[in-house]
Amino acid sequence: MTQPRGFETLAIHAGQEPDPVTGAVVPPIFQTSTFKQDGVGGLRGGYEYSRAGNPTRTALEECLAALEAGTRASAFASGLAAEDCVIRAVCALGDHVIIPDDAYGGSLRLLRMVLSRWGLTSTAVNVGDADAVRAAIRPETRLIWCETPTNPLLGIADIPALAAVAHEAGALLAVDNTFASPYLQQPLTLGADIVMHSTTKYIGGHSDVIGGAAVVRDEELAEKVHFHQFAVGAIAGPFDAWLTLRGIKTLAVRMDRHCDNAEQIADALEEHPLVTRVLYPGLPGHPGHEIASKQMRRFGGMISFQVDGGEQAATDVCGRTQLFTLAESLGGVESLIEHPARMTHLSAKGTPQEVPDNLVRISVGIERADDLIADLVQALN
Ligand code: PLP
């Protein structure tokens, strides 16, 4: 029996055998829309048209499936394309979806402003409280959508508890694993039915490509997602798939450095007199620390913090950093800073999901920790 391979090995080898024709060690970019047939229906490698399948995308999908301990992955043009596909593949007219009350704003927008027009209803709930989720279940609830840690408040949901609530109700549990990455958390092994990623973030890791993924274990569900993607067409292009796959190879080493740096920065922020609250699941005082310790290998590279002095003080900090670049997105090797209330989460303004205006979110990169701490301290002072 061959020994099961470790995460770091799978990241470099799963789906990435040297090319059988040329021996190319790195999977080539198959920049082609279509494939020659040897007589009608005579497909050489199983490929006919790149919306249905492309070898570069297959390499990425096989790697993603291995890293998430799933059976099949589908790679999309963006994280939101993956979400849209998953929700439409499993839900039908009149179905109900439960979503975190502090979900990524784009997920809330998709359900409330787009999918609602196609007959889906949704309820925003604190998914950190499994009893509140159970109370929100309706006979027509088909899907519980969960994000853990959440963006930008770093809330933690108990994946096994939510899986139990979903399955009792005959619903499915989907987990947006973007903040953790499969290196830190594997929701399918904790009972979830579907894992979704914005691969734009840690999986790609270099802020140079937009992409998304959905990974499942159940074959029937995999077929539904795959069919829906094929029918709608929100696929990752060959070059984007290749860039994402190149990023994946270093996911484990990058994540360890993101975590090392974030742990030191969270401690330094806690000490700073102008910081009133630090949101990082690795801190023992974080309300989700215990659950995060059970289901995550480490606590990730995202930190949010509140500053004394309201919105002006928070935007001033964002404007004064020199190493942390003021920009949306996250998960790249370079550190980013942003003001969620006026940037990524502006669309939640005036709703119960509005985020505090003195909140600053940082995506801690893999630069030297001392340099990053010095930059934040000078911006806060
Ligand atoms: N999920 C989370 C947690 C995100 O942070 C984002 C984007 O910021 C998305 C989904 C959407 O991904 P994309 O921007 O790749 O469509």
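Which atom of L80 lies 2.9 Å from an oxygen atom of the ligand? A backbone N or O atom of L80 does.

This is a predicted model, in which local features need pLDDT of at least 70 and side-chain atom pairs pLDDT of 80 or more, while totals for chains, interfaces and linings use all residues. Residues are numbered from 1 along each chain as its sequence is written, and side-chain values use heavy atoms, without hydrogens or water.

**View 1. Polar contacts hold the oxygen atoms of the ligand in this close-up (N or O pairs within 3.5 Å).** L80 takes part through its backbone, at 2.9 Å. G79 also uses a polar backbone atom, 2.9 Å from an oxygen atom of the ligand. K201 takes part through its side chain. There, an N or O atom is 2.6 Å from a ligand oxygen. On its own, the ligand has 390 Å² of accessible area (Shrake-Rupley, 1.4 Å probe). The protein covers 90% of that area.

**View 2. The shell around the ligand has 13 residues (a heavy atom within 4 Å).** The closest are L80, D176, S198, T200 and K201. By class, the shell holds 2 nonpolar, 7 polar and 4 charged residues. Here Asp, Glu, Lys and Arg are charged; Ala, Val, Leu, Ile, Met, Phe, Trp, Tyr, Cys and Pro are nonpolar; the others, with Gly, are polar. Helix 3, residues 79-90, gives the largest share of the shell, 3 residues. Helices (H or I, at least four residues) and strands (E, at least two) are DSSP runs numbered from the N terminus.

**View 3. The ligand takes up the space of the second largest pocket (more than half of its atoms within 2 Å of the grid points).** A pocket is an open set on a 1 Å grid over the protein atoms alone, with protein on both sides within 12 Å along at least five of seven lines; lining residues have an atom within 4 Å of a point. This pocket has a volume of about 450 Å³ (space filled by probe spheres on joined points). Its lining has 26 residues, and L80, Y104, N151, S198 and K201 lie nearest the centre. Helix 3, helix 4 (105-114) and strand 6 (194-198) each give two or more residues to this lining. The lining divides into 8 nonpolar, 11 polar and 7 charged residues.

**View 4. The largest pocket has a volume of about 560 Å³.** It is lined by 21 residues. Closest to its centre are D19, P20, F30, Y47 and P55. The lining counts 10 nonpolar, 6 polar and 5 charged residues.

**View 5. The largest cavity has a volume of about 50 Å³.** In a cavity, a 1.4 Å probe fits but cannot get out. The whole structure has 4 cavities of 30 Å³ or more. Residues that line the largest one include D101, D102, A103, G105 and L108. P152, L153, H345, A348, Q353 and V355 also line it. By class, this lining has 6 nonpolar, 3 polar and 2 charged residues.

**View 6. Cis peptide bonds lead into P149 and P152.** The bond from T148 to P149 has omega near -5°. The bond that joins N151 and P152 has omega of about 10°. P149 is in the loop between strand 4 (141-147) and helix 6 (159-168). P152 also lies in the loop between strand 4 and helix 6.

**View 7. S181 has a positive phi.** The angle is about 75°, although S181 is not a glycine. S181 belongs to helix 7, residues 181-184.

Terms used: A polar contact is a pair of N or O atoms within 3.5 Å; within protein, one must be able to donate a hydrogen and the other to accept it, and residues adjacent in sequence count only if both atoms are side-chain atoms.
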